[in-house]
Amino acid sequence: MSTATEHEAHASHEYPAHPEHVSYLKDGWSIWSWLFTVDHKRIGIMYLVMLTIFFGVGGTLAGLVRANLLTPSGAIMDNDMYNKTFTAHGVVMLFLFLIPSIPGVMGNFFVPIMIGAKDMAFPKLNIASWYVWMIGASFAVFALLTGGLDTGWTLYPPYSSRSSHSNVVPGVFGVFITGFSGIMTGLNIIVTIHRMRAPGMTWGRLPLFCWAMYATSLIQLLATPVLAIALTLLMVETGSNALGVPIGIFDPALDGDPLLFQHLFWFYSHPAVYIMILPAMGVVSELLTCFSRKNIFGYTAVAWSSVGIAVVGFLVWAHHMFVAGISYYAALLFSLLSMFVAVPSAIKIFNWTSTLYRGAISFQAPMIFALGFLVLFTVGGLTGIPLATLGSDLHLHDTYFVVAHFHFVMVGGMVLGYLGALHYWWPKMFGVMYSDFWSRIGAVLICVGYVTTFTPQFWLGYHGMPRRYPNYPAEFQYLNVLSTAGYTIQAAAFLLIHTYLIASFFTGKKAGPNPWGATGLEWVAESPPITHNFDKTPVVVCGPYEYPLNLTQTGEKADVR
Amino acid sequence: MAFYFDHKHQKLDDPAASVDKPGAIIAVWFVILLGVIATIGVSFAHLGDSALIVHMLISVVQVSFVGYYWMHLNKADSLTWLTVGSAMFIMLILFAMPLSDYLTRFLGGM
Amino acid sequence: MSANEGALKHHFEDIEQQRGAERLGMWMFLATEVLFFGGVFLAYTVYRIWYPKDWAAASSQLNVLVAGINTVLLLTSSLTITFAIRAAQLGNRKALMNLLAITGLLGAGFMCFKAYEYNQDYEEGLVPFCKNFGEELVHDPDDKDHSHAATTTFNQQWEKKGIAPQRIRLFMSFYFIMTGIHGLHIIIGIGAIFYLWYRAYMGWITADRYVGVEVTSLYWHLVDAIWLFLMPLLYLAGSHHSLHF
């Protein structure tokens, strides 16, 4: 077709001459070629390395928390140390792992490839976002290492501004800086998806991962600045208290309102949980279609439900404040709206289940993670409903029920999505394949471990054990011990996963461009991709999940190769 | 949906094609200046609480002029308008919903 | 088309895609700035609803004349930067440089008046972080003999009117935080404008590379727009009897 050849002729004319056809990994060996890279794939790998380290730190802190809860009155540390440990666990896991994880690694690496572009819209902004994140992480880690924070990750004043004698300002400043990194990544992804799609890549042919990343980026862009201002005001108040000239922006003793901080804080932090889960949902769409060899059921519904979650997610934040002192009428409004936010998530679950129906399902590791997501995220989501209901929330707020709920959606949802994405796209990113047998064991073990860890916590919470308390009645001990045992299983599973993934670099089979026989544009590129991703701009002719027709998006056969 | 590689229909972004007219730029400046004088003047008029509404109305008109003419929203594509609209929508939520709490606290004794 | 080639960055297919991306990116960044200021505007609004009397009393102590001058300065700088885009589009390097320089200088003038104003506030004892808060001798507007002499402290005046000093402190905190963050944005903007001036001086801004001037002007206009809201909220929340200075 003449237009296609014109495209190809013109497009290939535009690419600068590249000396060899090298993969992005081999394109420059020095440390400077990595630290000063603008290649979105290298930036994704840099995020991956740091995220793995931070996840290890956060996980170790979780272990310390759980170990302390083995006995009814603090097994291994005093109360003050316990406050600092669970605060550190929350801050590290949320801001240094969960929020940047899939956007930073798979978003950066794959969104440009999936839309057929050479790079992100703003490559220098991309590398800047990694450095900004590292600077913020440095402040946060410094604060945690030099005395810690004992306020809980939610940093509520007036305790954090007036009474806490811990490292509030540097810790908060670190979180503030990491927020900018999220805004930069989000901005980059939105502009890239709007302006840099290949010919033929209509919105209706965009992979659902890209729809999910787009919705995630919308939230990052619009919600994070409000966190920035909340933290700025908190830092000013804390600083003024430290200097002996207190002002009371959030301090009731000086005519301030502590709920104002909570409003500003949760205005971001609730949409933040959708920043965490939406990319994982995007990944699940990719995994379920590939490993059941079926087109997605209800593409339009799944695509728009991502946007719907993003929009409705902005309307529900005060469900974290039902017992804090907001007006009864506001509580009614937020409770009603919180019920609505479940709808787009449920739409996805139903569509994914229908995708599986009568598919040719195979149970490789990515699929086990995706199926685990389906079940565990559903449980987590459903347990949100008694929390959104005013009457039951009165009983459940600030108990372990809440802890179990958010860990189910964050670990059972987000982390399983992240691991599934890592396993699915590992051969593409590195050109090597890990052990199929051990990866399946690892995936199952993670799911078992984490169900064991968090299911007892629903019972604990329902029966009244408060969160963040190191002490509990003796009759709860067996449930706490069971939960800690589950942690041990999870820890073993994570060690196993890291072992075989790292081993794949040394003993793994070389992977071809399309080891899963998948249909996305990223599987048309080589494994690992060349620096410019494609030899020439691909022309998209069909949708992203044409498994029944066995076609990739460029119209070639989607065979395993 | 226009693709940016559709070379047959590519709009060449000719810089000189959409230049502002000097008179238009200055006229906007004048309008906004009038608004500044009005806003300060209103605060001397002893309107009390309703001075706020007048002030905010004047500010909204001024910012609309800045946005529409000086920031070239009058020539911008629908995606830019969507960006502005999204920001305004989220701002609306940021104001309306916390105020729904602050304005109804202790109402009816609850 | 060939004149555009030099401006084209390697990962874009053509110049219109690149310009579209750069403009969209700046508009999205402006959206984040709007939400950032929106948060502190919300906080201000909440306390204005709660403490109208104290808010009015505090606001009437601020210098409206300086605020008015600053507004005109900023407004004029927005005018000149809009003309700068026009100069860039028409390839008029001299005019571009002059207009950018004027814009930057007007912005710097804004900051100079701000510094003067902050200093005046300190001398009147209105800075909440300082130990002399409320303790400086100032003119009492309700003074019966209209002598304009500085005879009482703010603390004494407020006590007479039943206004709580910690609420004035709260207002002044908002004043310094809001104008401070705004001032920081002005300083960053001035930096960007002088960087543009440098690029124009080196001849790197040509008619087909004008988008840098345009996206910087978008940022500058937003900072101006925020000031247009900030000024009446902070300076005109109370009633004024005269433009005291």
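Student: How many residues of chain B are in contact with chain C, and what makes a pair a contact?

Tutor: 38 residues of chain B are in contact with 43 residues of chain C. Two residues are in contact if their C-beta atoms, placed from the backbone, lie within 7 Å. This is a predicted model: local features need pLDDT of at least 70, side-chain atom pairs count only at pLDDT 80 or more, and totals for chains, interfaces and linings use all residues. Residues are numbered from 1 along each chain as its sequence is written, while chains are lettered from A and ligands numbered from 1 in the order in which they are written.

Student: Which elements of chain B give two or more residues to the side that touches chain C?

Tutor: They are helix H1 (22–42), helix H2 (51–70) and helix H3 (78–102) of chain B. H3(B) brings the largest share, 11 residues.

Student: What makes a stretch a helix?

Tutor: A helix is a DSSP run of H or I with at least four residues; a strand is a run of E with at least two. Both are numbered from the N terminus. Chain B has three helices and zero strands, so runs of H or I are present and runs of E are not. Along the sequence, the pattern is α-α-α.

Student: How many residues on the side of chain B that touches chain C are called nonpolar, and why?

Tutor: That side has 25 nonpolar, 10 polar and three charged residues. Those 25 are called nonpolar because each is one of Ala, Val, Leu, Ile, Met, Phe, Trp, Tyr, Cys and Pro. Asp, Glu, Lys and Arg count as charged, and the others, Gly among them, as polar.

Student: What share of chain B counts as buried, and what is the test?

Tutor: Of its 110 residues, 27% count as buried. Buried means 20 or more other C-beta atoms within 10 Å of the residue's own; exposed means 12 or fewer, and partly exposed lies in between. C-beta atoms are placed from the backbone here too.

Student: Why is Ala84(C) called a member of a nonpolar core?

Tutor: A nonpolar core is a set of buried Ala, Val, Leu, Ile, Met, Phe, Trp, Tyr and Cys residues joined through C-beta atoms within 7 Å. Ala84(C) belongs to the largest one, of 285 residues, so Ala84(C) is buried and joined in this way. Cys210(A), Val226(A), Ala230(A) and Ala84(C) touch the most other members. Helix H10 (residues 258–292) of chain A gives the largest share, 23 residues.
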